[in-house]
Amino acid sequence: MTDSRLSDLRLPTAAPGITPTRVLTIAGSDSGGGAGIQADLRTFALLGLHGCVAVTAVTVQNSVGVQGFQEIAPETVAAQMHSVVPDIGVAAAKTGMLASAPIIDAVAQACDELGIGRDADVPLVVDPVCASMHGDPLLASEALDTLRSRLIPLATVVTPNLDEVRLITGIDVVDPASQRSAAQALHDLGARWALVKGGHLRSSDHSPDLLFDGHEFHEFDHPRIDTGHDHGAGDTLAAATACALAHGYSVPDAVGFAKRWVTRGLQAAYPLGAGHGPVNPLWRVSVQS
Ligand code: PLP
């Protein structure tokens, strides 16, 4: 990492009364407050950005699992995007839980119309959320084709975990070679950059993530934080990446920034309820930090 701006985990902030940089999340609500739009908005705010929201689904979930969800009508998802983007203006966007093929279609079309995506002015981070950490589905299985054909080709960077990689590419990542093959397969689907998050791959004490643009591989190898409380880690990584892209960082620098942001959040994670607590972006405002 060469950029000295990455060292203090801060992004430029606006003075009071001055409009901050804006970013859009297109994602689901988590009633437990750990993941989804709640995680995104916390990260946006703590990094000094103003977050706009297109809600895709309202989940009923707590620390032990997802009990169900209600999808928002696809045209209402698109209408939220069409309402905020031309008026408020956004410098980056991210997608999270999209629930269904019709919602993915509506989001992809709205991105095309609004100039969001890899070949447009506004970069797009695609977090291809398929299931919760408890294994509860958050995307209809028949929506995978639409995800591959409509959304991933719009991604400035796509950020799947290993389960999502398996569902999207059919590749079981078990070692560095298969991680590279998966990154290549995601790039072949049309993403400008593919980030294959390593999770527990390779060793129990490291979390190697691999980023690829068709030419160069970048590896981000941070110590794995062994906490039972990592709910919302993927959303937080994608949200922080979108914030850094909104400030003009390159994709490798934005991912490096976001990875370090999530690592701090995992170090400060807290228990919640009877199950898994969330990553904690509030470390930024804790008295110890
Ligand atoms: N709920 C919502 C609304 C989400 O967007 C996500 C992840 O993106 C999750 C739950 C799953 O989070 P986790 O995998 O950390 O349980």
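**Notebook: ligand site, strands and cores**

I began with the ligand and listed the 14 residues around it, counting a residue if one of its heavy atoms lies within 4 Å, and among these Gln 61, Met 133, His 231, Gly 232 and Asp 235 come nearest. This is a predicted model, in which local features need pLDDT of at least 70 and side-chain atom pairs count only at pLDDT 80 or more, while totals for chains, interfaces and linings use all residues. Residues are numbered from 1 along each chain as its sequence is written, and side-chain values use heavy atoms, with hydrogens and water left out.

I then looked up the ligand's polar contacts (pairs of N or O atoms within 3.5 Å). An oxygen atom of the ligand is 2.6 Å from an N or O atom in the Asp 235 side chain, and one is 2.7 Å from a polar backbone atom of Gly 232.

Next I turned to strand 7 (residues 193–196; strands are DSSP runs of E, at least two residues, and helices runs of H or I, at least four, numbered from the N terminus). Trp 193 and Leu 195 point one way from strand 7 and Ala 194 and Val 196 the other, and all are buried, meaning under 20% relative accessible area with a 1.4 Å probe, protein chains only. I found Val 158 opposite Ala 194.

Last, I checked the largest nonpolar core (buried Ala, Val, Leu, Ile, Met, Phe, Trp, Tyr and Cys residues joined through side-chain atoms within 4.5 Å), which has 54 residues, with Leu 24, Met 81, Val 107 and Ile 116 making the most contacts inside it. Helix 3 (residues 101–114) gives the most to this core, with 9 residues.

Notes
Buried < 20%, exposed > 50% of the residue type's maximum accessible area, 1.4 Å probe, protein only. Pairing = 2+ DSSP bridges. Polar contact = N/O pair within 3.5 Å; in protein donor to acceptor, adjacent residues only side chain to side chain.
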